[in-house]
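Visitor: Please give me a close look at one part of this model. I would like to follow a charged pair and then look at what surrounds it.

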Amino acid sequence: DFMCELDGDTVDSLVVMACGARETAWQIAINETQRQAIFRDPNWEDGKGKAYGGLGLARQIAMVSYRSHAAYNKKFGRKLTKEMEAEYGDADSAILNGKVPHYNVEGYLAYQDHKFLSRFDAASYVRCMGTLDSHDVGRSRGGIESALKSLKMPTLVIGFDSDNLYPVSEQKELAALIPDSELAILSSDAGHDAFLLEYEATQKACWEFFDKHHPNQI
């Protein structure tokens, strides 16, 4: 929301990437599934407990929302875990041998689950989800249209065509309402995580934008 507090005298230009003007019902719903995973952990204890099981599951839900169908299929496909692959080769062979297949993607989610537990606690994560849900640039500024039209500096809005969490329709809305704005929709199969992974494409878009508006500062 802070961008709507800026003015052209304070900030020369602005880059907004992979986000929207406010948290939508879609994003709130994804956040709520993560909260419920934590709340239903018997160790939650109204925020006083560790709730590691619920927190880990919340992280797994988040990791699915950060990527795309294409990204998961490209990286994992239907490959089995290393142990099952070594013993059975593929899912069909495992099933024919009376085994329930365990896929490589399951191991990836479990790894992300366990890794996250050393970086967050459940109560902090719940609070972060609530903060995300409250995002609305129009609050106390006369609504979204009024808030965004108040921005005077050149603004580059970047979106990614596979972002299912913050789809390009939201970046198009930003670009349509910010007066001096440019829209760059970049192609990637990385989903929302493209804003972290597609650094060469985002760097190129940013440098072209800065070179156009601030040629003597590059």
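Guide: A salt bridge is a side-chain nitrogen of Lys or Arg within 4 Å of a carboxyl oxygen of Asp or Glu. Keep in mind that this is a predicted model. Side chains of opposite charge can pair when their charged atoms come close.

Start with D193 and R67. They form a salt bridge, and their closest N and O atoms are 3.0 Å apart. Look at where the two partners sit. D193 is in the loop between β3 (181-186) and α10, while R67 is in the loop between α2 and α3, so the pair ties together parts that are 126 residues apart in sequence. Are the partners buried or exposed? D193 has a relative accessible area of 10%, so it is buried. R67 counts as buried too, at 18%. The cut-off for buried is under 20%.

Now stay with R67. This residue also helps to line the largest cavity, together with A71, Y72, K75, F76 and Y108. About 30 Å³ of space lies in that cavity. The structure holds one cavity of 30 Å³ or more. Helix α3 (residues 69-75) gives the largest share of the lining, three residues. By class, the cavity lining has four nonpolar residues, two charged ones and no polar ones.

Next, move to the largest pocket. Its volume is about 830 Å³. It is lined by 37 residues, and the closest to its centre are A18, L132, Y166, H192 and F195. Several elements give two or more residues to this lining: β1 (14-17), α1 (25-39), α2 (52-66), α7 (122-133) and α10 (194-197). The pocket lining divides into 23 nonpolar, nine polar and five charged residues.

F195 deserves a second look. Together with L196 and L197, F195 forms a nonpolar patch on the surface. The three have about 260 Å² of accessible area together. L196 lies in helix α10. This residue is exposed, because its relative accessible area is 52% and the cut-off for exposed is over 50%.

For a contrast, go to strand β1, where V16 is found. V16 is buried, with a relative accessible area of 6%. Its C-alpha atom is 9.7 Å from that of L183, although the two residues are 167 apart along the chain.

Back to the charged pairs. The count comes to eight salt bridges. One of them joins K212 and E182, at 3.1 Å from N to O. This pair also links distant parts of the chain: K212 is in helix α11 (residues 199-213) and E182 in strand β3, 30 residues apart. K212 counts as exposed, at 57% relative accessibility. E182 is partly exposed, at 24%.

Another salt bridge joins R35 and E32, at 2.9 Å from N to O. Here the partners share a helix. R35 and E32 are three residues apart in helix α1, which means that about one helical turn separates them. R35 is buried at 10% relative accessibility, whereas E32 is partly exposed at 30%. The chain of partners goes on: E32, R35 and D133 are joined into one network by salt bridges that share partners.

Conventions. Residues are numbered from 1 along each chain as its sequence is written. This is a predicted model: local features need pLDDT of at least 70, side-chain atom pairs count only at pLDDT 80 or more; totals for chains, interfaces and linings use all residues. Side-chain values use heavy atoms; hydrogens and water are left out. On a 1 Å grid over the protein atoms alone, a cavity is a set of points where a 1.4 Å probe fits but cannot get out, and a pocket is an open set with protein on both sides within 12 Å along at least five of seven lines; lining residues have an atom within 4 Å of a point. Grid points are joined across faces, edges and corners, and a volume is the space filled by probe spheres set on the points. Helices (H or I, at least four residues) and strands (E, at least two) are DSSP runs, numbered from the N terminus. Ala, Val, Leu, Ile, Met, Phe, Trp, Tyr, Cys and Pro count as nonpolar, Asp, Glu, Lys and Arg as charged, and the others, Gly among them, as polar. Patches are made of residues with over 30% relative accessible area and no salt bridge: like charges are joined within 9 Å, nonpolar side chains (Val, Leu, Ile, Met, Phe, Trp, Tyr) within 5 Å. Accessible areas come from the Shrake-Rupley method with a 1.4 Å probe; for residues, only the protein chains shown count as cover. Buried means under 20% relative accessible area, exposed over 50%, partly exposed in between (1.4 Å probe, protein chains only).
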